[in-house]
Amino acid sequence: MADTEWDMDSSDGELLVETGVEGPAAKMGHRLTLSVPWRAAVRWRSGQPVAVELIADTGALEVLRGDGGVTGLSGPEKVLARSNALKSLNAKRFPRIVFRTDDVDHVEGGYRLGGTLEIHGTVRERVVDLRVQDLGELWRMSCDAPVRQSDFGVKPYSMMLGAMRVADEVHVSFTAQRAKDL
């Protein structure tokens, strides 16, 4: 059977990043949910996935909501939160986050992907467990993973001399659907 490739993007699902708040003044801050546009290529051989590349566009991230805080997150505060995130990620210099693997193992309920994650110009080994559900005519794929920003040279945003800061560990979730036809 010849190699085939799936091309997917944000129209097939979502890539979300959820932040926490730390420090003595943490109750004043918002836990943000960010949406990051993405595209992916999945290479198949003999009906099995053998390689994956997912690229997230950090420069186009969007603040969906902010939970907590003294007051709700206003429109201008969303703009400021986005600006702060772009500065922390240095999105002009590092406009993409990339996960690549050619180590794809079938496991119960999905696949284990062993590859590299590049953020902020730093590359680290990473294992991701991708859950796959059979929805009849569609496959539903999902995964969740914590990412420590400091492992990639990203300094989390802080204010008030560090009394309120974005937690170093963020939670990344991915969900997508794809028609079964290969």
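Colleague: Let us start with the three-strand sheet. Which order do its strands take, and how do they pair?
Modeller: This is a predicted model. In it, three strands form an open sheet in the order β3-β13-β12. The pairing is antiparallel.

Colleague: What makes β3 and β12 edge strands?
Modeller: Count their partners. β3 and β12 (158–159) each have a single partner strand, so one side of each has no neighbour in the sheet.

Colleague: How do you know that β12 and β13 pair?
Modeller: Pairing takes at least two bridges between two strands. β12 and β13 have two bridges, so they pass. They run in the antiparallel sense. In this pair, M159 stands opposite M164 of β13.

Colleague: What holds paired strands together in general?
Modeller: Strands of a sheet pair through backbone hydrogen bonds.

Colleague: Why is the contact between E22 and R165 called a salt bridge?
Modeller: Set the distance against the cut-off. A side-chain nitrogen of Lys or Arg must lie within 4 Å of a carboxyl oxygen of Asp or Glu. The closest N and O atoms of E22 and R165 are 3.7 Å apart, so the pair qualifies. It links distant parts of the chain: E22 sits in strand β3 (residues 21–22) and R165 in strand β13 (residues 164–166), 143 residues apart.

Colleague: Are E22 and R165 buried, exposed or partly exposed?
Modeller: Buried means under 20% relative accessible area, and exposed means over 50%. E22 has 33%, so it counts as partly exposed. R165 has 32%, so R165 is partly exposed as well.

Colleague: How many salt bridges does a search of the whole structure find?
Modeller: Eight. Among them is the pair R65 and D67, at 3.6 Å from N to O. That value is within 4 Å, so the name fits. R65 has 40% relative accessibility and counts as partly exposed. D67 has 32% and is partly exposed too.

Colleague: What makes D144 and R131 a salt bridge?
Modeller: Their side chains meet at 2.7 Å, N to O, and the limit is 4 Å, so they qualify. The pair links D144 in strand β11 (residues 138–148) with R131 in strand β10 (residues 122–134), 13 residues apart. D144 is at 39% relative accessible area, which makes it partly exposed. R131 is at 39% and is partly exposed.

Colleague: Now the eleven-strand sheet. In which order do its strands stand?
Modeller: The order is β1-β5-β6-β8-β9-β10-β11-β14-β2-β4-β7. The sheet is open, with antiparallel pairing.

Colleague: Why are β1 and β7 said to stand at the edges?
Modeller: β1 (4–9) and β7 (62–68) each have a single partner strand, so one side of each is left without a neighbour in the sheet. The twist averages 20° from one strand to the next.

Colleague: How do you know that β8 and β9 pair?
Modeller: At least two bridges are needed, and nine join β8 (residues 96–107) to β9 (residues 110–119), so they pair. The two strands run antiparallel. One residue to look at is T101, whose bridge partner in β9 is G115.

Colleague: Which strands does helix α1 lie across?
Modeller: Helix α1 (residues 75–89) lies across β4 (30–35), β7 and β9. It runs at about 110° to β7.

Colleague: What makes the phi of N90 and of S46 worth a look?
Modeller: Most residues other than glycine have a negative phi. N90 has a positive one, near 50°. N90 lies in the loop between α1 and β8. Its relative accessible area is 29%, so N90 is partly exposed. S46 has a positive phi too, near 55°. S46 is found in the loop between β5 (38–45) and β6 (48–57).

Colleague: Why is the protein called as compact as a globular protein of its length?
Modeller: First, its make-up is one helix and 14 strands. Its radius of gyration is 18 Å, close to the 16 Å that the globule rule gives for 182 residues, so the description holds. The C-alpha trace spans about 60 × 30 × 30 Å along its principal axes. Of the 182 residues, 40% count as buried.

Colleague: Which residues does the UniProt domain feature cover?
Modeller: The unreviewed UniProt entry places "domain: Lipid/polyisoprenoid-binding YceI-like" at residues 5–179. In the model, that span is 9% helix and 61% strand. Its end C-alpha atoms lie 13 Å apart.

Methods: Residues are numbered from 1 along each chain as its sequence is written. This is a predicted model: local features need pLDDT of at least 70, side-chain atom pairs count only at pLDDT 80 or more; totals for chains, interfaces and linings use all residues. Side-chain values use heavy atoms; hydrogens and water are left out. Helices (H or I, at least four residues) and strands (E, at least two) are DSSP runs, numbered from the N terminus. Buried means under 20% relative accessible area, exposed over 50%, partly exposed in between (1.4 Å probe, protein chains only). Axes are lines fitted to C-alpha atoms, for helices over the stretch in contact, and angles run from 0 to 180 degrees between N-to-C directions. Contact means heavy atoms within 4.5 Å. UniProt positions are given in the numbering used here, feature names are shortened, and annotations may be inferred rather than shown by experiment. The radius of gyration is taken over C-alpha atoms; the globule rule is 2.2 Å times the number of residues to the power 0.38.
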